Amino acid sequence: MYYEAETQFHEWLGERRGEKSAKLNIARNMLKDKIPVDQIMKLTGLTAEEVSAAAKETDVVVAEK
């Protein structure tokens, strides 16, 4: 019983990591297209910090409000 629950948890965790990775890739593409950070946050559910980190990975300059 414990093993099954642990396995399900790890499957769920893996799905979440994949989901987060996909959202970050989408955010990077949106940043390249000059979409505002607040719009990216609204559409992806990412935080401002996560969007800023994605911007640093792609060498995109994020304009401050």
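Select Thr44 first and show its neighbours: leaving aside residues up to four places away in sequence, Thr44 touches Lys23, Ile26 and Met30. Keep in mind as you explore that this is a predicted model.

Stay on Thr44 for a moment. Is Thr44 buried or exposed? With a relative accessible area of 8%, Thr44 counts as buried, because the cut-off for that word is under 20%. Now display the side chain of Thr44 and look for the backbone oxygen of Ile40: the two come to 2.7 Å.

Next, select residues 37-44. This is helix H2, and Thr44 belongs to it. Which residues of H2 are buried? Colour Val37, Ile40 and Thr44, and you have them. They lie on the same side of H2, because they cover an arc of only 60° around the axis. There is a handy rule behind this pattern. An α-helix has 3.6 residues a turn, so residues three or four places apart point the same way.

Turn the view around to the other side of H2. Here you will find Lys42 and Leu43, which are exposed. Then step just past the helix to Gly45, which follows H2 and has a positive phi, near 80°.

Finally, zoom out to the whole protein. You can count 3 helices and 0 strands, in the order α-α-α along the sequence. The C-alpha trace spans about 50 × 20 × 15 Å along its principal axes. The radius of gyration is 15 Å, whereas a compact globule of 65 residues would have one near 11 Å. Try colouring by burial as a last stop: buried residues make up 22% of the 65 residues.

Note on methods
Residues are numbered from 1 along each chain as its sequence is written. This is a predicted model: local features need pLDDT of at least 70, side-chain atom pairs count only at pLDDT 80 or more; totals for chains, interfaces and linings use all residues. Side-chain values use heavy atoms; hydrogens and water are left out. Helices (H or I, at least four residues) and strands (E, at least two) are DSSP runs, numbered from the N terminus. Buried means under 20% relative accessible area, exposed over 50%, partly exposed in between (1.4 Å probe, protein chains only). A polar contact is a pair of N or O atoms within 3.5 Å; within protein, one must be able to donate a hydrogen and the other to accept it, and residues adjacent in sequence count only if both atoms are side-chain atoms. Contact means heavy atoms within 4.5 Å. The arc is that of the directions from the helix axis to the C-beta atoms. The radius of gyration is taken over C-alpha atoms; the globule rule is 2.2 Å times the number of residues to the power 0.38.
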